[in-house]
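Let's take a friendly walk through a protein model, looking at how its parts fit together. Have a look at the structure below before reading on.

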Amino acid sequence: MDDRTIARGVAAGRLGFGLLVLLAPRLLTRRVGGRTDPPAPYVWWLRAFGIRDAVLGAGTLAALADPDEEAAVRWVQAGALADSADAVTAVVYGRDLDGFSRWATLALAIPASALGWKAAAGLAARR
């Protein structure tokens, strides 16, 4: 699989996840934490992360559709950096999460981060 395809796949997944979390955060709290009525600040933070992921996903997809490789590399790197930060945060502050949430975060963030950095490096080498 080429780096552009990898970057598109990660970006599409990020956009989908971001929109889900933005538009239906309580669905995620029911699935992950079993909470049917989470506190309002928790829902707000979930939506903020949803916006972050939706913007990163949409921006990356738009940049990959443009022939400007430099913009695509920057967007893919930004997504990889966000995923890396999520993974590090889950490790450093994982005791603040329940076990399932910590492992779910790591299961999503680590592969997305690794694939993002790989795709960014490949796209940068093509410039």
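Which side-chain oxygen reaches to the backbone nitrogen of Glu 70 at the start of α4? The structure you see is a predicted model, and in it the oxygen belongs to Asp 68, coming to within 3.1 Å of that nitrogen.

**Along α4**

Follow the helix onward from there. α4 runs over residues 69-92 and has 24 residues. From its first C-alpha to its last, α4 reaches 34 Å, close to the 34 Å expected at 1.5 Å a residue. Many of its residues are buried, among them Glu 69, Ala 71, Ala 72, Val 73, Val 76, Gly 79 and Asp 83. What lies over these buried residues? The cover includes α1, α3 and α5.

**A nonpolar core**

In soluble globular proteins, nonpolar side chains tend to be buried together. Here the largest nonpolar core has 11 residues, including Ile 6, Leu 64, Val 73, Val 76 and Leu 123. Two or more of the core residues come from each of α1 (3-23), α3 (40-65), α4 (69-92) and α5 (99-126). Which helix gives the most? That is α4, with 4 residues.

One core member, Ala 63, is worth finding on your screen. Leaving aside residues up to four places away in sequence, Ala 63 touches Asp 68, Ala 71, Ala 72 and Trp 75. Asp 68 is the residue whose side-chain oxygen we met at the start of α4, and Ala 71 and Ala 72 also belong to the core.

**Spaces inside the model**

Now turn from the atoms to the gaps. The count comes to 1 cavity of 30 Å³ or more. Here are the largest cavity and the largest pocket:

| Space | Volume | Lining | Element that gives the most |
|---|---|---|---|
| Largest pocket | about 1,100 Å³ | 32 residues | α3, 7 residues |
| Largest cavity | about 90 Å³ | 14 residues | α4, 5 residues |

Where is the centre of the pocket? Phe 17, Leu 46, Phe 49, Asp 86 and Thr 105 are the lining residues nearest to it. At least two lining residues of this pocket come from each of α1, α2 (25-32), α3, α4 and α5.

For the cavity, the lining residues nearest the centre are Val 10, Arg 14, Thr 60, Val 76 and Gly 79. α1, α3, α4 and α5 are the elements that give two or more residues to the cavity lining. Val 76 links several parts of this tour: Val 76 is buried in α4, belongs to the largest nonpolar core and lies among the residues nearest the cavity centre.

Terms used. Residues are numbered from 1 along each chain as its sequence is written. This is a predicted model: local features need pLDDT of at least 70, side-chain atom pairs count only at pLDDT 80 or more; totals for chains, interfaces and linings use all residues. Side-chain values use heavy atoms; hydrogens and water are left out. A nonpolar core is a set of buried Ala, Val, Leu, Ile, Met, Phe, Trp, Tyr and Cys residues joined through side-chain atoms within 4.5 Å. Buried means under 20% relative accessible area, exposed over 50%, partly exposed in between (1.4 Å probe, protein chains only). Contact means heavy atoms within 4.5 Å. The expected span of a helix is 1.5 Å times one less than its number of residues. A polar contact is a pair of N or O atoms within 3.5 Å; within protein, one must be able to donate a hydrogen and the other to accept it, and residues adjacent in sequence count only if both atoms are side-chain atoms. On a 1 Å grid over the protein atoms alone, a cavity is a set of points where a 1.4 Å probe fits but cannot get out, and a pocket is an open set with protein on both sides within 12 Å along at least five of seven lines; lining residues have an atom within 4 Å of a point. Grid points are joined across faces, edges and corners, and a volume is the space filled by probe spheres set on the points.
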